[in-house]
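Good morning, and thank you for coming. I should like to speak today about aromatic side chains and their surroundings, and I ask you to keep the structure in view as I go.

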Amino acid sequence: MKTFKNPVTWLPLIIAASIAAGIWIGVLFNKHNSSTAEQKVSDVLSLIKNGYVDEVDVDSLIENTLPNLLSNLDPHSTYIPASDLTAVNEDLDGSFSGIGISFTMLTDTITVNEVIPGGPSEKVGLLPGDRIMTINDSLVAGHNIPNTDIVKMLRGEKGSSVKLGVKRKNTKKTLTFEVTRGDIPVNSVDASYMITPETGYIKVNKFGRTTSDEFLTGLLNLHNDGAKSYIVDLRGNGGGFMEMAIYMANEFLPAKSPIVFTRGRDSMDESHVYSDGTGAFQNADLVVLLDEYSASASEIFAGAMQDNDRALIVGRRSFGKGLVQRQMTLADSSAIRLTIARYYTPSGRCIQKDYKPGNRSDYDMDILNRYERGEFFNSDSIKFNPEMQFNTLGGRPVYGGGGIMPDVFVPNDTIGITSYYINVMNAGLLQKFAFEYSDKYRDTLSSAKTLEAFIKKLPDDDELLQQFVSYASRNGIPARWYYINISRNLIVNYLKALIASDILGRESYYKVINEQDITVQKALKEIQSGNASAPLSH
């Protein structure tokens, strides 16, 4: 596959001269090399440092000003403080150094709900359901410590150790575990399973450094299980590294198919990317699921599939982010993500939605505005500019200027949503009940080897609903059976999915929830009707 000057990894130094018109650059440049504006900023900082009535920390002043400076450019150029950079990068880098658990704060106590197989915590004997009372002899139970602070305490340099004081159900005394931190994978693929005997479902939550490897592994496993068609679920996927979307698209496209191209002010920021013909799934039926939170790399993949008439896009209009950022680390280990180009789908459309430089409020309210216009419920509420019409390879009209419009629109599912359901959701009671139930019956439920066996170990639907309603009543949400009965199927299915996730892992959540997911079910119907066969003919 031929890629020109990969836009994620370019590091041209000339960008430095145009970043700030600015504070940071103004401080670094001397008088002879700086512009009038840069010199003005440098002079102002000098005056503040030397003449202001109170002593001022100029570094802190610059730190607080940089985000405002970048906010006057576009909605996606951002400043990342040095203290946040590691955590920001870890989410996409594919791994971090930690102890290998996921946890829930249950009644102000850290409760382990998953121990990563093969990870440091499993090696020393930590178990799901354990309560972490102390970290390095510091009491953490009952102190309302924020999750972010707990994460910082548990993560650290690879090879370093952390001492945990743990309470376990079957023992009265506190157990002590010395855990040596190690590399913990950050997975991009939440689920990959056969949703029907011939259709594989794969859920991608982000585009990180390991996404293409995870995705291809999932596809191959599904193929070996008999899959002839595939559903790629990118709903809620806000993007990440663009080249991961390119590698994924390459698996489905014949040789020399355009995938994406970028165009910036500098010719070095221009690229054209084509498939190389090595993809193993060029003839498989394909459906891609999108919603209003699918952005950036998700839209690159979906746009390439749609413009090449390669896949059926199902769901709702995507977010509309067509700007390319490059991350550059500054001298103090902070960083900026600066927009350096726009990307275009194969038909030539830029799908970046409108924005006004320096005005984030309208941009941030766009999703809410779509909802209020009725766009989530009726595709006729979506108005595209006819001047931005383009055509797919097969001549189908598509539009730029505001996200990817699906080929098959599926409205937001409101069946079963009542005031009672909204109240228990807003109070977090469905999640809390599911975790407490899982924790109470963990030994029994964990003995199930399959999802089917697991479901049989749960109470019947009426009993599970009754237990939850009683739990909600004890926690401040009174029973209102008229509304509860309307929401019955929604509540019961969601509880089963949450409990399955706690006991069997995240994939089981999707296996349960997708049984009533109208977008997934619509995708299956389109595949069965032959509407997702490549290339699309309609």
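I begin with Tyr494, which is buried because its relative accessible area is 13%, under the 20% cut-off for that term. Please bear in mind throughout that this is a predicted model.

What partner does Tyr494 have? The rings of Tyr494 and Tyr509 have centres 6.4 Å apart and planes at 75°, so we call the pair edge-to-face. Tyr494 belongs to helix H18, residues 488–504, and Tyr509 to helix H19, residues 506–513, so the pair ties together parts 15 residues apart in sequence. Tyr509 also counts as buried, at 13% relative accessibility. In addition, Arg506 lies over the face of Tyr509, 4.3 Å from the ring centre. Both tyrosines are members of one aromatic cluster, formed by Tyr193, Tyr201, Tyr494, Tyr509 and Tyr510.

Let me turn to the aromatic pairs in general. A pair of aromatic rings is described by two quantities, the distance of the centres and the angle of the planes. How many aromatic pairs are there? The count comes to 20. Among them is the pair of Phe215 and Phe301, which is edge-to-face, at 6.5 Å centre to centre with 75° between the planes. This pair links distant parts of the chain: Phe215 sits in helix H7 and Phe301 in helix H9, residues 297–307, with the two positions 86 residues apart. Are these two rings buried or exposed? Phe215 counts as buried at 1% relative accessibility, and Phe301 counts as buried at 0%.

A further arginine deserves mention here. Arg155 lies over the face of Phe96, at 3.6 Å from the ring centre.

I now come to Thr210, in the loop between strand E11 (199–204) and helix H7 (211–224). With 25% relative accessibility, Thr210 counts as partly exposed. Leaving aside residues up to four places away in sequence, Thr210 touches Gly94, Val186 and Ser188. The C-alpha atoms of Thr210 and Gly238, which are 28 residues apart along the chain, are separated by 16 Å.

Finally, the surface. Which residues form a nonpolar patch there? They are Met365, Leu368, Tyr371 and Phe377, and together they have about 350 Å² of accessible area. Phe377 lies in the loop between helix H11 (366–373) and strand E19 (389–391). At 34% relative accessibility, Phe377 counts as partly exposed, whereas Phe301 counts as buried.

Thank you for your attention.

Note on methods: Residues numbered from 1 in each chain as written. Predicted model: local features only at pLDDT ≥ 70, side-chain atom pairs only at ≥ 80, totals over all residues. Heavy atoms only, no water. Patch = residues over 30% accessible without salt bridge, like charges linked within 9 Å, V, L, I, M, F, W, Y side chains within 5 Å. Areas by Shrake-Rupley, 256 points an atom, 1.4 Å probe, with all protein chains shown as cover. Salt bridge = Lys/Arg side-chain N within 4 Å of Asp/Glu carboxyl O. Helix = DSSP H or I, 4+ residues; strand = E, 2+ residues; numbered from the N terminus. Buried < 20%, exposed > 50% of the residue type's maximum accessible area, 1.4 Å probe, protein only. Contact = heavy atoms within 4.5 Å. Phe/Tyr/Trp six-rings, centres within 6.5 Å; stacked < 30°, edge-to-face > 60°. Lys NZ or Arg CZ within 6 Å of the ring centre and 35° of its normal.
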